[in-house]
Every structure is written in C-alpha cells, then in structure tokens.
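Trainee: Please take a close look at the side chains of this model, one residue at a time. I would like to know where each one sits and what it meets.

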Amino acid sequence: MTSQLPSDLGMASAADLVKSYAEGSVSPVEATQAALAAIARHDETLNAFVGVDEEGALAAAKEAEERWRLGVPKGRIDGVPTSIKDIVDLKGWRTAKGSKTLADAPLARQDAPCSARLREHGAVILGKTTTPEFGWKGVTDSPLTGVTRNPWDPGKTPGGSSGGASAAVAAGMGALAIGTDGGGSVRIPAAFTGIFGIKPSFGRVPAFPLSPFGTVAHIGPMTRTVTDGALMLNVIAEPDPRDWYALPKEAADFTAGLDDGVSGLKIAFSPTLGGHPVDPEVAALVKAAALKFADLGATLEEAEPTLRDVEQVFRTLWFAGAANLSQNFTEAQKSALDPGFRDIAAAGSAYGLMDYLDAVAKREAMGTTMNLFHQDYDLLLTPALPIPAFAAGEEYPRDQDNDRWVNWTPFTYPFNLTQQPAASVPCGLTSAGLPVGFQIVGPSYGDRLVLQAARAYEIDQPFQMPSSRFD
C-alpha cells in the first residue's frame, strides 16, 4: 500500500517517510527541503534553533537518497530530518547549553551516544535546538539565545527545557528531535505544544557527558506520533560504553506489538497526584482521556501513590546540582548567568551534607513506593501539567502563587526521582486553542508498556497537527 503523506511534507511522520523512501514516492532530499522550508518560514518567530546546517543537511539527504535508490538504507531512519537539543554534543558543533559562559567553547570533538546512533542510522541532522541555560527550568529562554515561542500561540511558552525541540517538531521543522528531561523537560514542552514525548527509564538512552544534575536526567525522543517515538527509541537506546549507568540493550524492537492495545491492563488514574490544583479545562480533557482506556478494555480505577516531600527532595537535588555546576565560575561568568539560575545555585549552596543525604534517602523511599504501587497497577495516568501554556519569557505564570518553575510542574519531576518511564500524550485543546497533554507512567523498565498504551489512545483519538495552524 502506498503511504499516505500530508500535503505539507514537513508534517509527515518519520515512519511514513521511511515507507515512502522505500517505495520511491518521496526522496530524503524532498523531505529535508520541506523541513528547511518550514524553518525558513517559522523560526524567525519561534526561535527554536540555535543553528541550522542547510548545506550539510542537504548533502546528507542526497547521500540517503542514493542509498534508498540502491535499496541499501543505512539504518532505521535513513534520510529523516532530525534535530539535537543544544545540551547534547554533536561533533563539529559547539555545545553552548544556552549559556554565555560557553558561547566560545571549543567545537565538540565527538558525538554524544544518541547523536552517534542517529548518524549511524542515517538521520539527516538539521541543526541544534534551543534550551534555557544548562536546561535549568521548565520554559525555554536564555541569556544567549533569547526567548523561544510556542507554535500554537507565539505569545506563549513552548515549555522547557526542550522547548526548541518541541516547537521544531510541532511546526514541521523535522520529524524527530532529541530532548533531555531532568524534571519534565521532554514532557512539559510536549504537553504545551501538542506532540508526543517520552522520558524513558533511566539508563535506557546512554548519555555522555553525564548531566551535572545527576541521576534525575534522562534523554528521550520528541515526535508527532507514538510510532515515531518508538522508532526513534530503537535507535538511541543502543548501548554505549561511555555511560556506566546505561541499561543492557533491549532484546526486542520497541515498535513490535505497539498496536496490541490495553485490554486486560489495570490502570490507575490520579487526577491531582496528592491534591495539586489543576485548571478546570485541563482536568476535564485529562479525565476524558483516562476514561477512554476503560472503553479500550482496561480496568480503570482512581488511585494514587503516597509520595511524601517530593518537591523539597527535588529542589534539594536539582538546586545542589546547579550550585555544583557554578562553583568554579569566575565572578564575570556568574554575572553573565540567567538571574534565576544564579538564584537556585545560591539556594543549592545553602544545603548541607545532611540535607542532601536526607533527600537521597527520601528519594529511595519514593522508588520503593512506586515499585509497590505497580504491583497493583500496570500503569498510572495523571495530567502532564496542571495548566496550559502561559506567557513566553516567564519562568512561571505571574497570576499564580509561584516562586520557581517546580511549583507548576508537580506531575513530572516525581518520576525523574523514581527514574520510571513516563510519556506525555496530547489529548485536546483548551477553549483558547492551546494543547493539553496527559501523562502515562510505567513501572521501572516498562518503556514498552508506556508506548503501547500511548499508541492505543492515539489510534482511538488521533491528534491532528494542521500546519495551517502555524501560518
């Protein structure tokens, strides 16, 4: 059967592009030209890219085109337009991490593990996407690159810290994007921009260099479809000896059994995860999404794990990581930092060793709590976020009682602490036309089950991303 592609090739899925390449109905050069055209059309407004290598991308696409013509594709995603978040090393590129302190850093001499795997499978690298400084917050703006904006409403934030990646994918500027997630940084922007994003189990995707924020940090796919997320995870989850936390290679293809559904699963739904307030429109859309799983054959029960002191534990670990990162900066470098990053680094410096060890012990208890919870429930559903996107350039909504980004992200960072797989799946639009996502949390190493459940919902409730929405 011939693949059915959208009229705007920039909005085609990676899976459909690969099928079309095999059929000869579309070429990698055409797909790359469409992605570059979308960048030219949208990025002046959205500011999703740190840099774009048009010449290199087209050259790579031509090489992929010839491989497909000869019937010898290089890998699973040969010729698919892809972007890399500027937290992750890409050989020949500077990894500035949104910081003026790294604006003149030397070019990377080697690829990070995920960048290397993408190249080995033939991905066409378009460029690098924006991040807040060192990925420290849940929105995307930085002293180095300015404010990144949401394709659904450029006055709103796309979230963060992988906001450039999410804006790029949502607006057709590449089918695949690498994001990082230390407290929600894949799932937050996925929810705000109406795309799919998964934070895999810790260690599933190897990392090097390791994050300065420690073992809360994950790397994951950001895509427009669940199938693309699974396809991309197959590529970037391959082991790499540079990461001693890396999990062994998964024996089976993540796309295998993806359409098997959720019949027979026992799923918990927690609308507030311990009483966190949720915007009424968000709550209604997420509840409707959860109820669909009962229609699809799962047993759905309202239940939630008892997780204690989560925000304080996360603040201790995250802010201490910021303090450790900045301790060797000169005074001139410190003055160039995002003021908010300076603030959390100062807060982190105030924690003592006993504070840190107490946070570690409480984190370990959370992991046990979730392991026991998943003895009773296969999956947990929650809102991905309690609110829709707010004003771009702000760390938090100014009309709410917040002091830091962690106040409005209570559904995401708990599962960085427990290192479980968790995904954001789009489930509708608010009356203002802003996307909402719900979160699927799986048991430790249950990445495949999270993907399968997300795909079951996507089949039943496909989410449309019309490119005309962004013109």
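**Side chains, their places and partners**

Mentor: R119 is partly exposed, with a relative accessibility of 31%. That value lies between the 20% and 50% limits, so R119 is called neither buried nor exposed. Keep in mind that the model is predicted. R119 belongs to helix α4, which covers residues 113–120. Leaving out residues up to four places away in sequence, R119 touches K74, L90, K91 and D111. With K91 there is also a polar approach: a polar atom of the R119 side chain lies 3.3 Å from the backbone oxygen of K91. G79 is 40 residues away from R119 along the chain, and the C-alpha atoms of the two are separated by 9.9 Å.

Now to the charged pairs. Side chains of opposite charge can pair when their charged atoms come close. Over the whole structure, a search finds 25 salt bridges. One of them joins K362 to D309, with 3.2 Å between the closest N and O atoms. K362 is in helix α12 (residues 353–376), while D309 is in the loop between β10 (299–302) and α9 (310–326), so this salt bridge ties together parts that are 53 residues apart in sequence. Both ends are partly exposed: K362 has 31% relative accessibility, and D309 has a relative accessible area of 45%.

K362 has another acidic partner, D358, and that salt bridge is 3.2 Å from N to O. Here the two residues share helix α12 and are four residues apart, about one turn of the helix. D358 is partly exposed, at 37% relative accessibility. Elsewhere, salt bridges with shared partners join R117, E120, D240 and R242 into one network.

A further pair within one helix is K334 with E331, at 3.8 Å from N to O. That distance is within 4 Å, so the pair counts as a salt bridge. K334 and E331 are both in helix α10 (residues 331–335), three residues apart, about one turn of the helix. The two ends fall into separate classes of exposure: K334 is partly exposed at 27% relative accessibility, whereas E331 is exposed, its relative accessible area being 62%.

Helix α12 also holds L353. At 59% relative accessibility, L353 is over the 50% limit and therefore counts as exposed. L353 makes a nonpolar surface patch together with M354, Y356 and L357, and the patch has an area of about 430 Å².

The last residue to look at is Q420. Q420 sits in the loop between α13 (414–417) and β12 (422–429). Its relative accessibility is 1%, under the 20% limit, so Q420 counts as buried. The contacts of Q420, leaving aside neighbours within four places in sequence, include K199, P200 and S201. Also among them are M370, H374 and F415, and the list goes on with V441, G442, P443 and S444. With H374 the side chain of Q420 makes a polar contact of 3.1 Å.

To recap, K362 pairs with D309 in a loop and with D358 in helix α12. R119 is partly exposed, L353 is exposed, and Q420 is buried.

Definitions and conventions:
Residues numbered from 1 in each chain as written. Predicted model: local features only at pLDDT ≥ 70, side-chain atom pairs only at ≥ 80, totals over all residues. Heavy atoms only, no water. Salt bridge = Lys/Arg side-chain N within 4 Å of Asp/Glu carboxyl O. Buried < 20%, exposed > 50% of the residue type's maximum accessible area, 1.4 Å probe, protein only. Polar contact = N/O pair within 3.5 Å; in protein donor to acceptor, adjacent residues only side chain to side chain. Contact = heavy atoms within 4.5 Å. Patch = residues over 30% accessible without salt bridge, like charges linked within 9 Å, V, L, I, M, F, W, Y side chains within 5 Å. Areas by Shrake-Rupley, 256 points an atom, 1.4 Å probe, with all protein chains shown as cover.
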